[in-house]
Amino acid sequence: MRLAILWVVGLFLSLLSLVVLKSISPDVVTRQFWFFCFGWMVSWLLLRFPTTALTRFSGWAYWLLVLVLLILLLTGSATRGTVGWFELGWGLKIQPSQFAVPLVAWYVAHFLSRSRSAVWQVAWRIALPGILIAVEPDFGTAAVYF
């Protein structure tokens with residue numbers, strides 16, 4: 001029941017943002033609509049996976065994120081002074097730092113569930129991607145992250 005409420009609220013906010021976007025920039029509404037559809041499909045698929053299966057891959061996902069953030073600093077394209085985007089072609093860009101918050105939370109939760117670690121062991125695992133994001137410089141995402 002709670003998941004259904006969350007989905008309805010998310011759908012309402014998505015549709016509301018499309019209405020606002022149409023009043024600001026009507027030429028991108030269709031493209032944004034398809035991004036919403038893709039995002040909702042991905043979230044629906046992820047909710048169907050057992051959490052134990054997802055948790056097994058948390059370490060790989062974390063280190064892949066760190067690697068992607070390092071590659072981004074070397075090869076990413078600058079947008080408004082921030083080197084935080086990969087050009088995918090066809091006018092599409094992706095900002096890997098947006099995936100950092102849930103991936104790191106997922107990894108740290110799994111890490112803490114397996115061992116009783118010292119605070120510094122957890123802190124450096126959180127700080128590493130945060131520092132890489134701050135170096136881009138993407139201070140907004142880094143602030144949300146920390």
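Biologist: Why are helix 4 and helix 5 called oblique to each other?
Modeller: Helix 4 (residues 58-75) and helix 5 (residues 100-114) pack at an angle of about 140 degrees. Angles under 35 degrees count as roughly parallel, over 145 as roughly antiparallel, 65 to 115 as roughly perpendicular and the rest as oblique. Helix 4 and helix 5 are therefore oblique. This is a predicted model, in which local features need pLDDT of at least 70 and side-chain atom pairs pLDDT 80 or more, while totals for chains, interfaces and linings use all residues. Numbering starts from 1 along each chain as its sequence is written, and side-chain values use heavy atoms, without hydrogens and water.

Biologist: How far apart are the axes of helix 4 and helix 5, and what is the hand of their crossing?
Modeller: The axes, which are lines fitted to C-alpha atoms over the stretch in contact, with angles taken from 0 to 180 degrees between N-to-C directions, lie 9 Å apart. Helix 4 passes helix 5 in a left-handed crossing, meaning that the near helix is turned anticlockwise from the far one by less than a right angle.

Biologist: Which residues make the contact of helix 4 with helix 5?
Modeller: From helix 4, Ser 58, Gly 59, Ala 61, Tyr 62, Trp 63 and Leu 65 meet Ala 100, Leu 103, Val 104, Trp 106, Tyr 107 and His 110 of helix 5; contact means heavy atoms within 4.5 Å. Nine of these residues are nonpolar, three are polar and none is charged.

Biologist: What makes His 110 in helix 5 count as buried?
Modeller: Its relative accessible area is 18%, and buried means under 20% (exposed is over 50%, partly exposed in between, with a 1.4 Å probe and protein chains only). His 110 is therefore buried. Beyond its neighbours within four places in sequence, His 110 is in contact with Thr 55 and Ser 58.

Biologist: How do you know that Ser 14 and Trp 40 form a polar contact?
Modeller: Their side chains are joined at 3.4 Å, and the term needs a pair of N or O atoms within 3.5 Å, one able to donate a hydrogen and the other to accept it. Ser 14 lies in helix 1 (residues 2-24) and is buried at 11% relative accessibility. Leaving out residues up to four places away, Ser 14 touches Phe 36 as well as Trp 40.

Biologist: Why is Leu 132 called buried, and what does Leu 132 touch?
Modeller: Leu 132 is in helix 6 (residues 119-135), and its relative accessibility is 10%, so Leu 132 counts as buried. Apart from neighbours within four places in sequence, Leu 132 is in contact with Val 66, Leu 69, Leu 70 and Leu 73.

Terms used:
Helices (H or I, at least four residues) and strands (E, at least two) are DSSP runs, numbered from the N terminus. Ala, Val, Leu, Ile, Met, Phe, Trp, Tyr, Cys and Pro count as nonpolar, Asp, Glu, Lys and Arg as charged, and the others, Gly among them, as polar.
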